[in-house]
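Please look at the sequence and the 3D structure shown below, and keep both in view while reading the report that follows.

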Amino acid sequence: MKKISTLLLLMVACLTASAQYQASPEILKARTEFQDNKFGIYIHWGLYSMLGNGEWVMSNRNINYKEYTHLADGFYPSKFDAEEWVKAFKAAGARYVTFTTRHHDGFSMFKTSANNYNIVDGTPFHRDVLKELADACQKYGIKLHLYYSHVDWSRPDYPQGWSGMGIGKPKDQYNYDSYLAFMKHQLTELLTNYGPIGAIWFDGYWDQKNNPKFDWRLDEQYSLIHRLQPGCLVANNHHKAPKPGEDLQTFEQDLPGQNTAGYSKGTVIGQLPLETVMTMNKVWGYDITDKKYKSSEYIIQHIIKAAGNNANYVINIGPRPDGKLPVEAVERLKAIGDWMGRYGETIYGTRGGIVRPHDWGVTTQKGNTLYVHIMNCQDRALFLPLTERRVASARMYDGHQKVRVSKNAEGVTLELPAVPKGVDTIVELTLK
Ligand code: FHN
């Protein structure tokens with residue numbers, strides 16, 4: 001009996017919490033724009049880049065938390081050129097960039113008055129790279145999304161989680177009130193000093209998984225964001241179903257519904273716009289020995305598959321400590337840009353099509369136009385279980401050659417001019 005009433009109370013609490021968040025008209029508009037944008041670039045860049053061993057190097061190698069701070073004295077990314085980055089992203093067809101303003105190591109890649117452990121006050125570089133990036137994004141019409149870590153391996157007031165156990169940080173000086181005040185101070189700076197921000201993208205909720213009673217007080221953070229910039233979306237990479245106050249649901253290293261990487265076990269897909277974020281090689285931050293880059297074809301097919309699953313796709317780059325993008329990343333950006341330049345119409349502004357994803361590929365849809373993306377088919381005939389709508393006409397996207405369509409009770413069969421080859425063969429259907 002006690003169990004049932006606790007469950008009921010919990011359900012009521014959840015319902016009340018979700019009922020409390022009414023997305024504003026600005027947010028609804030921003031969510032639609034976000035879904036239309038479809039493709040973004042992720043940037044993991046910070047002090048850790050200097051060690052060339054990924055963004056978790058401090059925790060993985062148990063580097064003392066005080067010793068680590070000295071990296072800042074030598075951080076001088078002399079070749080950083082925000083415009084060069086943004087032009088490369090734009091040419092690749094990306095519509096937004098998500099930048100790590102502060103990762104788990106606690107170092108701020110922007111000017112903050114909350115402490116000196118930031119790129120302007122704490123390094124000989126003295127330049128606010130976030131400001132330069134924000135200006136370049138404005139100039140070239142790219143939306144700026146900001147990654148913000150909930151975890152902090154540098155501050156004793158951050159309550160110890162399961163990461164950063166061996167870095168020597170005192171575990172008894174935690175004070176979440178103080179840490180939350182610090183985060184709110186920084187969020188206010190981020191949302192005041194850098195123009196319009198597309199989204200704040202939190203990460204690290206999972207760090208307190210051994211402390212189930214821990215309350216991050218997300219509502220205070222989310223309402224602050226929505227108050228400061230009413231059109232700024234809130235994302236949280238907690239690997240769970242969306243919580244009240246969030247505006248999009250993000251998936252790590254997998255398309256929604258998959259769990260090959262182990263982050264999305266049992267994750268319920270909610271009603272919010274969806275996003276998949278993925279590394280271009282193995283890890284997120286620069287790793288000097290990690291040459292396991294995904295091929296351009298693989299990335300392009302993932303952009304298409306994400307769109308067919310009604311999700312955005314964000315591919316990560318870990319810039320070098322000198323501020324340059326790795327050569328391998330630049331090559332892939334160019335190839336993606338060539339494809340998006342020719343076929344972007346079948347991706348941007350679309351939603352997952354009425355024919356659900358299959359082994360052969362996916363469909364994307366804009367109004368009455370259904371784009372059939374064939375990525376894996378060995379035959380000249382392709383069956384689509386399409387019964388809800390009639391096909392008025394069908395043609396190859398490339399060259400506009402007519403495609404014969406035959407119908408039966410279960411759907412339609414497309415008779416293609418040749419066996420599909422290459423990254424993606426697109427058939428354009430007009431539906432009635
Ligand atoms: O720990 C981070 C990791 O370094 C990276 O930032 C990714 C990006 O999704 N998120 C965390 C792991 O879930």
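## Contacts with the ligand

In this predicted model, a nitrogen atom of the ligand is 3.4 Å from an N or O atom in the side chain of N237, where a polar contact is a pair of N or O atoms within 3.5 Å. The protein covers 96% of the 320 Å² of accessible area that the ligand has on its own, an area found by the Shrake-Rupley method with a 1.4 Å probe. Oxygen atoms of the ligand are also approached: a polar side-chain atom of H44 lies 2.7 Å from one, and a polar side-chain atom of E55 lies 2.5 Å from one.

Residues are numbered from 1 along each chain as its sequence is written. Local features need pLDDT of at least 70, side-chain atom pairs count only at pLDDT 80 or more, totals for chains, interfaces and linings use all residues, and side-chain values use heavy atoms, with hydrogens and water left out.

## Strand β4

Strand β4 covers residues 199–203, and 5 of its 5 residues are buried, meaning under 20% relative accessible area with a 1.4 Å probe and protein chains only; strands are DSSP runs (E, at least two residues) and helices are DSSP runs (H or I, at least four), numbered from the N terminus. In a regular strand the side chains alternate between the two faces of the sheet. Here A199, W201 and D203 point one way from β4, while I200 and F202 point the other way.

## Neighbouring strands

Strand β3 (residues 143–149) runs parallel to β4 and is joined to it by 5 bridges, with pairing requiring at least two DSSP bridges. S149 stands opposite D203 in β4.

Conventions: A polar contact is a pair of N or O atoms within 3.5 Å; within protein, one must be able to donate a hydrogen and the other to accept it, and residues adjacent in sequence count only if both atoms are side-chain atoms. Buried means under 20% relative accessible area, exposed over 50%, partly exposed in between (1.4 Å probe, protein chains only).
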